[in-house]
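Here is a short report on one protein chain. Look over the sequence and the model before reading on.

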Amino acid sequence: MKKVFVTSILCFFILNNSIAQKRDIVQYKQNWDKQIVFWGYYLGLNKKDFKISYITPDTFINVTSSSGFEVGLIGDIRLHKNINLRLEPGLSSNTKTLEFTNIEGNDNVRLREVNGTYLRIPLLLKFSTDRLNNMRPYVVGGVSYDFNFSSNQDNPNDNLDGEFRMTKNNFMYEVGVGVDLYLPYFIFSPSIRGVFAINNELVRDVDPNSQWTGNIDYFGTRGIFIKFAFH
């Protein structure tokens, strides 16, 4: 009986302490989620490469990618207490090196450097949980229009002259997860996204039997973005 009493007292103090701690939590930006429209900006990093499929198996391309950057603006409209529509226009940059392992010769023939600077305009739906003190996890997904400033699409020279060409106008879909962290003066929102091309981004060489593009069936961007948003 004594053990039961002591245990009950301990449970009481633990529960009372837990309730007291919850009362001591200061919830910042309590009216923030009641806004219909709000703005923000983001910075971030990306790691992009390409999904490539081939017409015949005797072609293979190694892709070496460097880390790139992201910067842009955020416009957000609340559709429901847990659903938001977002527009996130921004710039994305990344450099990849392609190694055509099926081609013999020096690096000028076997290697192509692909510089990509994109204007990205994602239209996304954000699904958030209810707020948990000063945090609110969410998932996000949607599509984007990407304009490639470095595409070389209109360049009359192709791989025979050392120029690897890609399309200017592209469409992507992206999915991701993140969390809104409510701080005293702003909302900090880190997220991780996966981005995948919908259309084929390859501009083929003039020669249909080109050793660079002749056996490529599909060539499209895929990547991981880490974004740090501030509202």
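Among contacts between residues at least 6 apart in sequence, what percentage join residues at least 24 apart? In this predicted model, the figure for the protein chain is 69%.

**Overall build.** The protein chain holds 2 helices and 10 strands. Read from the N terminus, the order is α-β-β-β-β-β-α-β-β-β-β-β. The chain has 231 residues, and 39% of them count as buried. About 13100 Å² is exposed, with 63% of that area supplied by carbon and sulfur atoms.

**L43.** This residue lies in strand β1, which spans residues 37–54. L43 counts as partly exposed because its relative accessible area of 41% falls between the 20% and 50% cut-offs. Its C-alpha atom is 6.5 Å from that of A229, although the two residues are 186 apart along the chain. Beyond its neighbours within four places in sequence, L43 contacts E70, V71, I226, K227 and F228.

**E88.** This residue sits in the loop between β4 (83–87) and β5 (90–100). E88 has a relative accessibility of 1%, under the 20% cut-off, and therefore counts as buried. Its side chain makes polar contacts with two other side chains, as tabulated here.

| Side-chain pair | Polar contact distance |
|---|---|
| E88 and R193 | 3.3 Å |
| E88 and K227 | 3.2 Å |

Leaving out residues up to four places away in sequence, E88 touches Y42, L73, I74, R120, P122, L124, R193 and K227. K227 thus appears among the contacts of L43 and among those of E88.

Key:
Residues are numbered from 1 along each chain as its sequence is written. This is a predicted model: local features need pLDDT of at least 70, side-chain atom pairs count only at pLDDT 80 or more; totals for chains, interfaces and linings use all residues. Side-chain values use heavy atoms; hydrogens and water are left out. Helices (H or I, at least four residues) and strands (E, at least two) are DSSP runs, numbered from the N terminus. Buried means under 20% relative accessible area, exposed over 50%, partly exposed in between (1.4 Å probe, protein chains only). Contact means heavy atoms within 4.5 Å. A polar contact is a pair of N or O atoms within 3.5 Å; within protein, one must be able to donate a hydrogen and the other to accept it, and residues adjacent in sequence count only if both atoms are side-chain atoms. Accessible areas come from the Shrake-Rupley method with a 1.4 Å probe; for residues, only the protein chains shown count as cover.
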